[in-house]
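Reader: Please take a close look at the aromatic rings in this structure. I would like to know how they pair and where the paired residues sit.

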Amino acid sequence: TTATTLTGGEVIAMDQQYVMRAWSKQGQAAMAVEKAEGIYFWDYDGNRYVDMSSLLVNANIGHQHPKVVKAIQEQAEKMCFMAPSYATDVKSLLAKKLVELAGGDMARVFFTNAGADANENAIKMARIATGRTKVFSGYHSYHGATLAASNASGDSRRFAAEIGGASGFVKFSNPSPYRDNLPFETEEALTAFYLKQLGEQIQYEGPYNVAAILLETVIGANGIIAYPKGYLEGVRNLCNSYGIVMICDEVMAGFYRTGTAFAFQQYGFTPDMITFAKGVTSGYVPLGGVIVSEWISEYFTENQLQCGLTYSGHTLACAAGLATLEVYEDENIAANVEKIGVLLKDYLEEMKAKHPCVGDVRTYGLFCGVELVLDKETREPLVPFNTPNRIMPAIYKELKDRGFSTFGRETTISVCPPLTITEAELAEVLPILDEVLTLVDATYL
Ligand code: PLP
């Protein structure tokens with residue numbers, strides 16, 4: 001049997017029998033997808049879904065963009081892969097472009113296969129360059145599923161990686177202002193409180209034992225939460241004081257998701273390293289990496305870089321990355337994010353005012369979250385923290401049955417459409433959210 005002759009039912013049955021699926025008990029049926037284009041994908045029965053999460057917040061330019069497909073086809077005909085020890089045109093060009101896009105004193109790129117190994121290698125480089133062990137990261141975070149990236153992650157997906165463990169990973173309670181609900185009158189006072197807490201924890205751990213502080217510039221999977229004003233700059237100052245490497249994980253927030261090429265560019269600081277993946281190729285071919293600043297680059301000019309992957313700088317992936325970056329520029333995606341972002345923000349604020357179940361909405365460009373609560377006053381979440389429940393899956397199913405596909409963790413629904421979405425496309429899909437929130441109000445509150 002060849003792929004093209006399989007029915008949807010056969011695809012599902014074979015998947016159920018043979019494929020090990022991420023973060024799931026095995027043996028459950030998955031929906032089979034036959035094709036994808038633009039902001040849409042279709043099942044084998046011809047049902048159309050709007051991809052309101054850009055799959056895993058990676059398909060930033062939507063599906064099957066002809067320019068990227070063509071670049072992949074042309075590269076495949078020319079040379080699919082050359083080993084990392086050789087220079088190739090697409091790798092050289094992409095590295096130069098990424099360094100320029102990051103700006104500041106960013107100097108070089110180490111390419112990886114995806115996001116987890118980007119963080120894995122950033123942590124390794126920080127430890128080598130500082131000779132220190134400890135890595136600080138937040139409870140509200142996800143950094144990937146390999147050993148170090150998983151141990152650095154804050155959410156419960158790290159528990160399995162903690163069996164047998166990895167040493168030196170220190171968690172701190174990174175800000176989640178809506179949930180924390182602290183009684184400060186100004187954002188400045190709130191930021192000062194959070195920074196004082198972090199500063200104290202660094203003292204308790206011994207500042208000169210700390211190699212790196214790893215943070216998502218905007219928290220993604222764990223609720224789409226930006227830091228309060230001045231917080232990231234304060235973290236930068238703490239890093240400067242003690243020679244700690246500041247790593248910004250831009251795997252989800254990067255590549256125009258929040259409006260700028262990288263999210264940190266909307267703040268007044270630059271990190272020592274940026275980790276990226278997802279949007280760099282929009283997922284067409286897996287690719288990730290670490291962009292390092294001048295001093296890290298110089299350290300590894302004097303000292304050997306003890307990092308390597310067979311597919312570091314994979315030729316086909318670099319061609320896809322180069323074409324994707326061209327699409328961001330040629331189609332002025334930044335301007336579209338700004339325009340559509342305002343419309344989406346207004347709409348979600350309207351939903352918050354209208355629906356008792358919406359406690360908070362957070363919108364940064366097209367990186368948006370809708371947090372569901374039982375009670376707006378007390379902010380009690382719709383379902384208790386880290387507890388298996390049928391309610392959130394049922395809500396995603398109601399959305400999906402109506403053609404609105406997305407996901408989320410805990411009680412925050414991600415609303416992260418492809419950055420190419422038009423005003424008309426957005427207007428067509430948003431009423432589905434309103435309808436389902438009405439259902440949530442009536443069913444669960
Ligand atoms: N970092 C962040 C912020 C992520 O959101 C993810 C994936 O969702 C990762 C790292 C891990 O990336 P990957 O799944 O490509 O290994």
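Author: What follows deals with the aromatic pairs and the cluster, with a short note on the surface patches at the end.

The model is a predicted one. The count of aromatic pairs in it comes to 19. One of them is formed by Phe255 and Tyr328, which are stacked, at 6.3 Å centre to centre and with 15° between the planes. Phe255 lies in the loop between strand 10 (245–249) and strand 11 (273–276), while Tyr328 belongs to helix 11 (residues 315–330), so this pair ties together parts that are 73 residues apart in sequence. Phe255 and Tyr328 are both buried.

A second example is the pair of Phe264 and Phe269: the ring centres are 6.2 Å apart and the planes meet at 55°, so the pair counts as tilted. Phe264 and Phe269 are buried as well.

These two pairs can be placed in a wider group. Phe255, Tyr328, Phe264 and Phe269 are among the members of one aromatic cluster, which also includes Phe111, Tyr256, Phe262, Tyr267 and Phe276.

The surface patches are a separate matter. Met14, Tyr18 and Val19 make up a nonpolar patch there, with about 330 Å² of accessible area together. Val19 is placed in the loop between helix 1 (8–18) and strand 1 (33–37), and it counts as partly exposed because its relative accessibility is 41%. A patch of negative charge on the surface gathers Asp105, Glu294, Glu298 and Glu302. Of these, Glu302 lies in helix 10 (residues 294–302) and is exposed, with a relative accessible area of 68%.

Technical notes: Residues numbered from 1 in each chain as written. Predicted model: local features only at pLDDT ≥ 70, side-chain atom pairs only at ≥ 80, totals over all residues. Heavy atoms only, no water. Patch = residues over 30% accessible without salt bridge, like charges linked within 9 Å, V, L, I, M, F, W, Y side chains within 5 Å. Areas by Shrake-Rupley, 256 points an atom, 1.4 Å probe, with all protein chains shown as cover. Salt bridge = Lys/Arg side-chain N within 4 Å of Asp/Glu carboxyl O. Helix = DSSP H or I, 4+ residues; strand = E, 2+ residues; numbered from the N terminus. Buried < 20%, exposed > 50% of the residue type's maximum accessible area, 1.4 Å probe, protein only. Lys, Arg positive; Asp, Glu negative; His and termini not counted. Charge placed at Lys NZ, Arg CZ, Asp CG, Glu CD. Phe/Tyr/Trp six-rings, centres within 6.5 Å; stacked < 30°, edge-to-face > 60°.
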